[in-house]
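Biologist: I'd like to learn how to read a model like this one, feature by feature. Could you walk me through it?

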Amino acid sequence: MVLRMSRLMLKTLRDDPADAETASHKLLVRAGFVRRSSAGVWIWLPLGKRVLENVSRVVREEMDAIGGQEVLLPALLPRENYETTGRAGEYGDLLFQLKDRKGADYVLGPTHEEIFTQVVKDQCTSYKDLPVILYQIQTKYRDEARPRSGVLRGREFQMKDSYSFDTTDEGLAEAYRAHRDAYIRIFTRLGFDYRIVSAVSGAMGGSASEEFLAPAAAGEDTFVDCPACEYAANTEAVTTVVPPVEGVEHGPVEELDTPDTPTIETLAAHLGVPASATLKNLLVKVDGKITAVGVPGDREVDLGKLGEHLAPAVVELVTAEDFEGRPELVRGYVGPQGLGIDYIADPRIAPGTAWITGANTSGKHARNVVCGRDFEVDRYLDVVTVRPGDPCPRCGAGLRLDRAIEIGHIFQLGRKYADAFQLDVLGQQGKPVRVTMGSYGIGVSRAVAALAEQTADGQGLCWPREVAPADVHLVAAGKALQTELALEVAEKLHAAGVRVLLDDRAGVSPGVKFTDAELIGVPQILVVGRRAAEGVVELKDRRSGERVELTVDEALARLTG
Ligand code: ATP
Ligand code: MG
């Protein structure tokens, strides 16, 4: 069917919505693709729904191609399952919770590992029933703290989630690989500029989890990118290259009077030394136990990285109360020497290196505090934030830090969920075998906004072909003659399988129609205007802005070729 704007429920807006910060949010609202219902909850209007469907179609085709079987599970789920796995607590306030009339606890699913595990437990009993890949494209609910950025971060959103079930680790690796390849095809077809980054540090097992990131200024994720080689990583996954330590003899520890220097900045300024010569000690609680984390003074502790390394232990910052009854812990003047608590350090605090650090006395610091001589490190962890210019762990070039939107995530879960629900199948030897799982997500609705972020220009949206709401935006710019010819061309294009959006609105000026066409962002704009009587039309490429005058037949040949 030709989509006729004279009948389409579409109202484009001149002005940006007041609350919108990102380009995609502004443009998707202005072009009439989406409308806000409540915070983080969106209405998909006809044009937006078409784009959303196109993304879903591509995802579906590629999931089917790797043997994925589509199912549809409920969004309304018993809370109990999320308690079994401990995720009710992990998700915390992110979880939408409700009670039914009998008082039973439910949640609106934020992601579906729990219930998929149970579906397979119910349906698959023998190793012969596996491997299996199940997927759905479904509505997810997360009570996000900051549902800004339009559909980029919704509280209700569309996700493709799939789950693989295997009896062997090799099987899981294969399912993971198949998903990775499918994601490459999906994001390429959708028209994304994207990177695949390792999502967790080596400590957790390298390629066990990777994220697909779409670089964009509006992104909430930061990732490191090497300008010289292929290396890209989540900032939490970057491994630090530590410069070698030279064998220098250091003098004895010397105490320094450093009044009013509780921060590294005040200390470095007071002593006239670079911050990198100082040792900063952050106190945290690891499962409630006070622990010091030492990093060079010019670096910050990345609490995400620290948490990742120490999981499942819970890492928290200390509060004022934690210092009560602990006179040995002197706020702002902590040093690792003789401290008597666990000491985690960045690898730069290598044996033989000397530091200026707290003297564990108010107003005093100590110089020549040597690692391995004056204090010991209990555990080395890569916990500092990465900085632009840090060496690439692969090639040594200076790293860049860029913003991106997470559009997909693939994860080798292993047996965590199978253990929680005792998911076994009968193995070849007649004994039960514990199943191993993978979980794989794509933000379908987020992908629409992420594509808008990456492709929009000063005039408006600018869709890649595969997701555009139509192939051709046909503008009847004139009176009855133009409208008649446009209708005729539209029917011919339609008959040839070309998706047409026809602007046949009466009483709307050509100028307004052109502006709307630019804003809506269909890849080809065909204008039936001034020279309609001669059978001449104008074809404009939305992205390049290039325009050519063609006869109707030439235009048809181009657009259907
Ligand atoms: P984020 O870090 O952005 O909150 P996540 O890592 O929690 O995302 P996953 O649990 O990995 O998200 O979910 C799979 C995919 O679903 C993500 O890669 C992302 O594309 C999408 N997604 C997650 N949260 C949202 C949201 N609030 N709105 C829209 N899409 C989302
Ligand atoms: Mg993720």
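**Reading the model together**

Modeller: Sure, and keep in mind that this is a predicted model. Let's start with a sheet: six strands make an open one, ordered 1-27-26-28-29-30, with mixed pairing.

Biologist: Which strands stand at the edges, and why is one side of each left without a neighbour?

Modeller: Look for strands with a single partner. Here those are strand 1 (3-4) and strand 30 (547-551), so each has one side with no neighbour in the sheet.

Biologist: In what sense do strand 26 and strand 27 pair?

Modeller: Strand 26 (residues 472-476) and strand 27 (residues 500-503) are parallel, with four bridges between them. If you want a landmark, V475 has D503 in strand 27 as its bridge partner.

Biologist: And which strands does helix 12 lie across?

Modeller: To read a helix on a sheet, list its contacts and then its direction. Helix 12 (residues 510-520) crosses strand 26, strand 27, strand 28 (524-528) and strand 29 (536-541), and runs at about 170° to strand 26. Helix 13 (residues 552-560) packs on the sheet too, where it touches strand 26, strand 28, strand 29 and strand 30, its direction making about 115° with that of strand 30.

Biologist: K540 is in strand 29. Is K540 buried or exposed?

Modeller: Go by the relative accessible area: buried means under 20%. K540 has 12%, so it is buried. Setting aside residues up to four places away in sequence, K540 touches E518, P523, Q524, I525, G545, E546 and R547.

Biologist: On to the nonpolar cores. Which residues touch the most other members in the largest one?

Modeller: That core has 58 residues, and F33, F187, F192 and W463 are the ones touching the most other members. By element, helix 6 (residues 169-190) gives the most, with eight residues. You can also ask which domains contribute: domain 1 (23-72 + 109-238 + 401-454) and domain 3 (470-560) both do, so the core lies between them.

Biologist: What does W463 touch?

Modeller: Beyond residues up to four places away in sequence, its contacts include L28, F33, V51, V448, L451, I520 and P523. Another core, of 23 residues, lies apart from the largest one; L77, L130, L134 and F165 are among its members.

Biologist: How many residues of strand 9 are buried?

Modeller: Nine of the eleven in strand 9 (residues 156-166), so call it mostly covered. Then check its partners. Strand 8 (residues 132-141) runs antiparallel to strand 9, joined by ten bridges, and Y141 has E156 in strand 9 as its bridge partner. Strand 25 (residues 436-443) is also antiparallel to strand 9, over eight bridges, with Y163 opposite S439 in strand 25.

Biologist: What are the protein donors of the magnesium ion?

Modeller: For a metal, read off the donor atoms and their distances. Magnesium (ligand 2) has E406 (OE) and H409 (ND1), at 2.2 to 2.3 Å. E406 is partly exposed at 23% relative accessible area, and H409 is partly exposed, also with 23%.

Biologist: Which residues is L213 in contact with?

Modeller: L213 sits in strand 11 (residues 209-215), and at 1% relative accessibility it counts as buried. Leaving out neighbours within four places in sequence, its contacts include D193, Y194, F223, A404 and I407, as well as the magnesium donor E406.

Note on methods: Residues are numbered from 1 along each chain as its sequence is written. Chains are lettered from A and ligands numbered from 1 in the order in which they are written. This is a predicted model: local features need pLDDT of at least 70, side-chain atom pairs count only at pLDDT 80 or more; totals for chains, interfaces and linings use all residues. Side-chain values use heavy atoms; hydrogens and water are left out. Two strands pair if DSSP finds at least two bridges between them. Helices (H or I, at least four residues) and strands (E, at least two) are DSSP runs, numbered from the N terminus. Contact means heavy atoms within 4.5 Å. Axes are lines fitted to C-alpha atoms, for helices over the stretch in contact, and angles run from 0 to 180 degrees between N-to-C directions. A nonpolar core is a set of buried Ala, Val, Leu, Ile, Met, Phe, Trp, Tyr and Cys residues joined through side-chain atoms within 4.5 Å. Buried means under 20% relative accessible area, exposed over 50%, partly exposed in between (1.4 Å probe, protein chains only). Domain bounds come from an automatic or database domain assignment. Donors are N, O and S atoms within 2.8 Å of the metal (3.2 Å for Na, K and Ca); water is not among the atoms, so sites may look incomplete.
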